Amino acid sequence: MADLDVVVVGAGFAGLYAVHAFRSAGLTVRAFEAGDGIGGTWFWNSYPGARCDVESKDYSYSFSPELEQEWSWSERYPAQPEILRYLNRVADKFGLWPLIQLSTRVTGAAWDAATSSWAVTTDDGGGVTARYLVPTVGCLSACNVPDLPGLASFEGPWYHTSRWPKEGADFTGKRVGLVGTGSTGIQVAPEIAATAEHLYVFQRTANFAVPNRNRPWLEEEEAAFKEHYREYRADARQSFLGVPVTGTGRPVLEEPREDVQRLFTQRWQAGGGMPFLGAYTDLLVSQEANDVVAEFMRDRIREIVDDPAVAGLLCPRGYPVGAKRLCQSDDYYAMFNRPNVSLVDIRSAPVESVYPGGVKTAAGSYDLDALVFATGFDALTGALFAMDIRGASGLPLRTAWQAGAQAYLGVAVAGFPNMFTITGPGSPAVFSNVVLSIEQHVEWVRDAIVWLRDGGHATMEPTVAAQRAWMEHVSQVANATLFPRADSWYVGANIPGKPRVFPWYVGGCGPYRAKCDEVAAAGYQGFTLDG
Ligand code: N01
């Protein structure tokens, strides 16, 4: 008999809710967390300026109306320290601490067919067996540090934003090099520029960023909103992105240009990425339509940035808006008007090496006191492959996914009985308000486990055919959009050698939920029970 019903790996938004939901269903559960605190991505990404790009009222749990009413967000978009406080409050309120083992990394998990259980091993030399394995390791947790020749020789400190030192980093009076201009780089850059002697932003690809117009969440606004929180959450669950967004419902290409300009201007002034891209129905499916929004955004960059040459370099080209995650910042572009900030184009003159005192590109040398890498993550698979997960017949997950990550409905993998992935491949995950998706996945998995228990079943595993059909559907839906058309972490293009696959379900949270419910109602169609 296994030690536990469920082992959960990770204690971020997903792990915490999984522990709570499984325990509430009468299951024995333990979470292992590598960090010495809870919070997952919000524990590790403590770089200055870290802030969520989904509004606080959405980026929070909906499972407890009481929590929802008693917690008060201070700003429209939550900053990292506040999210971390929120998650700690959740752990306190629901008594989750005894179920979480901190500072313990799961190193492997092997399926044992004889006992129908998982043998889980940890880096403290310990181990535990469980009937179910639920990795909640997050899609963006294995960090990507570029393999630059000479990096080891650099004499100053260097940092990756997702492993920021808890004591912080002081850039006062320093010459700092920042590599990476995605969501993270765009957030951290203005913070560094505020105190550094000089900031050099090494840009390989320019990114689109909309303002977020962050501001305090006023008390009266909050009180009025909380009166209808339940109805709002119900709408969010059925919505496309997990956040109700109001669009015109019409294609941009059929609208008079003055109306388009007016609406984009309003949405630019209001801030936020989802309302911007949700304004018209064709922006993410037609290149011609997308060009309209792209040109509007390039015009704003040229308006904000004083030096036309710098503005020109900052104007993204060659991929559709939204095909890389749309960034949000109120001060990134304006930062380039500061005399202590330089944009270094490493697309035309790539980084050649790091020397003890700086960085050498094909065009010149930059003497630096510190280096910051905002170079992203080995998304989705990185953290899962970091564990040696072996399914039926000892098959490593890494081998099963060598042509690309696959799962049935994003939650279960053929060949890996009783393992349930939260925000796995084939789920809306990062293409949605991820907290809402996490809740949906966890609840679906909890219900499946309870159904198995009550029905006296020992194992559950998707069939290869069901998994293949689902992933084909995922691809078909994606290929009808512009999303797979950029080289980004969405398709694994940022990691050398990673297969180029777009594994995210972009058919919408509402339809996805309906499909998952339908599968469950049909007695877990597409799954094999008891081998
Ligand atoms: O990572 P990224 P991120 N040499 O992969 C560059 C979420 N998030 O940490 O585009 C030089 O997007 C790379 O250049 P290129 C959000 O979902 C959310 O910024 O590959 N440059 C790119 O500029 C986001 O999408 C929030 O040419 C190299 C950058 O590094 C996801 O996390 C905040 C390089 C990496 O961008 C990841 O964002 C932060 C190399 N060898 C993050 N390798 C919010 O909620 C990479 N780059 C607001």
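**Figure 1. Polar contacts hold an oxygen-bearing ligand to Thr-181, Arg-204 and Thr-205 in this predicted model****.** Let's start at Thr-181, where a polar backbone atom sits 2.9 Å from an oxygen atom of the ligand. Arg-204 offers its side chain instead: one of its polar atoms lies 2.9 Å from a ligand oxygen. At Thr-205, a side-chain N or O atom is found 2.4 Å from an oxygen atom of the ligand. On its own the ligand would expose 910 Å², and the protein buries 87% of that area.

**Figure 2. A shell of 24 residues surrounds the ligand****.** If you want to pick out the closest residues, look for Thr-181, Thr-184, Arg-204, Thr-205 and Lys-324. The shell is a mixed one, with 9 nonpolar, 9 polar and 6 charged residues. Helix 5, which spans residues 183-193, supplies the largest share of this shell, namely 3 residues.

**Figure 3. The ligand lies between two domains****.** Each domain is built from two stretches of the chain: domain 1 covers 4-142 and 378-529, while domain 2 covers 151-219 and 236-373. Both domains give residues to the shell around the ligand, and therefore the ligand lies between them.

**Figure 4. Five parallel strands make an open sheet****.** Reading across the sheet, you will meet the strands in the order 7-16-8-9-12. Strand 7 (158-160) and strand 12 (341-345) form the edges, each pairing on one side only. Neighbouring strands are turned against each other by 20° on average, with direction ignored.

**Figure 5. Strands 8 and 16 pair side by side in the parallel sense****.** Here is a closer look at one pairing within the sheet. Strand 8 takes in residues 175-179 and strand 16 residues 370-373, and 4 bridges link the two. To find your bearings, locate Val-179, which stands opposite Phe-373 of strand 16. As a help in following the side chains, remember that in a regular strand they alternate between the two faces of the sheet.

**Figure 6. A hairpin connects strands 13 and 14****.** Strand 13 (residues 351-355) and strand 14 (residues 358-361) run antiparallel and are joined by 4 bridges. The hairpin passes from strand 13 to strand 14 through 2 residues. Tyr-355 is a handy landmark here, standing opposite Gly-358 in strand 14.

Definitions and conventions. Residues numbered from 1 in each chain as written. Predicted model: local features only at pLDDT ≥ 70, side-chain atom pairs only at ≥ 80, totals over all residues. Heavy atoms only, no water. Near = heavy atom within 4 Å. Polar contact = N/O pair within 3.5 Å; in protein donor to acceptor, adjacent residues only side chain to side chain. Areas by Shrake-Rupley, 256 points an atom, 1.4 Å probe, with all protein chains shown as cover. Nonpolar A, V, L, I, M, F, W, Y, C, P; charged D, E, K, R; others polar. Domains from an automatic or database assignment. Pairing = 2+ DSSP bridges. Axes fitted to C-alpha atoms, helices over the stretch in contact; angles between N-to-C directions.
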